[in-house]
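Biologist: I am new to this structure and should be grateful for a close look at one part of it. Please choose a single sheet, describe its strands and their surroundings, and then place it beside the rest of the fold.

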Amino acid sequence: MTIRSAEHPRPDHFLLHISDTHLLADGGRLYDRVASEAHLRRLFEGLAASGARPEAIVFTGDLADRGEPDAYRRLRAIVDPAAAELGARAIWVMGNHDERRAFRAGLLDEPATAEPVDRVVDLDGLRVVVLDTTVPRHHHGAVDGRQLDWLADVLSTRAPHGTILAMHHPPLPSVIDLAISVELRAQHRLAEVLVGTDVRTILAGHLHHSSSGTFAGIPVSVASATCYTQDLTVPVGGLRAQDAARSYNLVHVYPATVLHSVVPLEAGPPLDMVSAEETAARLRRAGVRMPEPARRLEPLLG
């Protein structure tokens, strides 16, 4: 029997992309009904049961709805044990509902300063750059000159497996007209820094619905929210939030591509089930071999 290798090996890296948890102090509910904490707990329960083991969990902002210290404490009470069970590292990104001082103290265990929360995280050759696009006391996004200089300096050296840029405000248009009032401003300045770098994908949130596009030639993936979402069947030009359709994303990084997969929190009734053992057996019978991760050490070209 001829053995055929799959077109792609298993991924070099696997991340979770979660956005817009919007937790409140004292376990409060959004709109007096949305149980943000319960939804986040259900996400991790389902993931643990699946056996998936990401290297990192990237949270792209609006983690606390009002920037309250207790909301961050409650968030860590959920995420820290879940991340430890998964063997994953939590990577926190500021959102427009977050407050820098409470964010730093509550999530990063750092002094409570008002400086932008920009940082670099290395995941065994994959670089994750966290960029703070928030403007204190406002909901639109911006990146100032100091941040752009810092980003250009970071990206002047290529990472072995390339770079993922994580930010809250997506550098994309929106199908919701009202989102224009809270969009990332002066996007062309960010584009000038990113063109020609090793940034392979941009992770963002803010919109409360899944979306994707390209920016400066780079794929952009917007994760929806785990609290509530925007109903895109609203009459054109309007805005309507819904207590439904929550989701998060899986991010698989391959040598030649980055794959983003949307996972709904609300699962439907199963129609069929094939176990991992049966899957492996069927592939063996079909003569298909799945190559192991490349884990290349040489810098990406191009």
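Modeller: The account that follows describes one sheet strand by strand, and then turns to a second sheet.

The model is a predicted one, in which local features need pLDDT of at least 70 and side-chain atom pairs count only at pLDDT 80 or more, while totals for chains, interfaces and linings use all residues. Residues are numbered from 1 along each chain as its sequence is written, and side-chain values use heavy atoms, with hydrogens and water left out.

The chosen sheet is open and has six strands, in the order S5-S6-S7-S8-S10-S9, with mixed pairing. Strands here are DSSP runs of E with at least two residues, and helices are runs of H or I with at least four, numbered from the N terminus. Two strands count as paired if DSSP finds at least two bridges between them. In general, the strands of a sheet pair through backbone hydrogen bonds, either parallel or antiparallel. The edges of this sheet are S5 and strand S9, residues 211–215. Each of these two has a single partner strand, so one side of each is left without a neighbour in the sheet. On average, neighbouring strands of the sheet are turned by 20° against each other, direction ignored; axes are lines fitted to C-alpha atoms, for helices over the stretch in contact, and angles run from 0 to 180 degrees between N-to-C directions.

The closest attention belongs to strand S6, which covers residues 126–130. In the strand order, S6 is placed between S5 and S7. On the S5 side, the partner strand spans residues 119–123 and runs antiparallel to S6, joined by five bridges. Individual partners can be named along this pairing. Asp 122 of S5 has Arg 127 of S6 as its bridge partner, and Leu 123 stands opposite Leu 126. The two strands form a hairpin, with two residues between them. Asp 124 lies in that turn and has a positive phi of about 50°.

On the other side, S6 meets strand S7, residues 163–166, in the parallel sense over four bridges. Here Val 128 of S6 stands opposite Ile 164 of S7. The pairing of S6 is thus antiparallel towards S5 and parallel towards S7.

Strand S6 is also mostly covered, since five of its five residues are buried (buried means under 20% relative accessible area, exposed over 50%, and partly exposed in between, with a 1.4 Å probe and protein chains only). The cover extends to both faces of the strand. Leu 126, Val 128 and Val 130 are buried on one side, and Arg 127 and Val 129 are buried on the other. Arg 127, the partner of Asp 122, therefore belongs to a face that is covered, as buried is defined by relative accessible area.

A helix accompanies this part of the sheet. Helix H4, residues 145–155, lies across S5, S6, S7 and strand S8, the last of which spans 199–204. H4 runs at about 175° to S6. Such contacts are counted where heavy atoms lie within 4.5 Å.

A second sheet may now be set beside the one just described. This sheet is open as well, and its five strands follow the order S4-S3-S2-S13-S14, with mixed pairing. Strand S4, residues 89–93, and strand S14, residues 258–264, stand at the edges; each has a single partner strand, so one side of each is left without a neighbour in the sheet. Neighbouring strands of this sheet are turned by 20° against each other on average, direction ignored.

At the S14 edge, the partner is strand S13, which covers residues 247–253. These two strands pair in the antiparallel sense over seven bridges. One of the residue pairs links Ser 247 with Pro 264, its bridge partner in S14. This sheet, too, is crossed by a helix: helix H1, residues 36–50, lies across strand S2 (13–18), strand S3 (56–60) and S13. The direction of H1 is at about 160° to that of S2.
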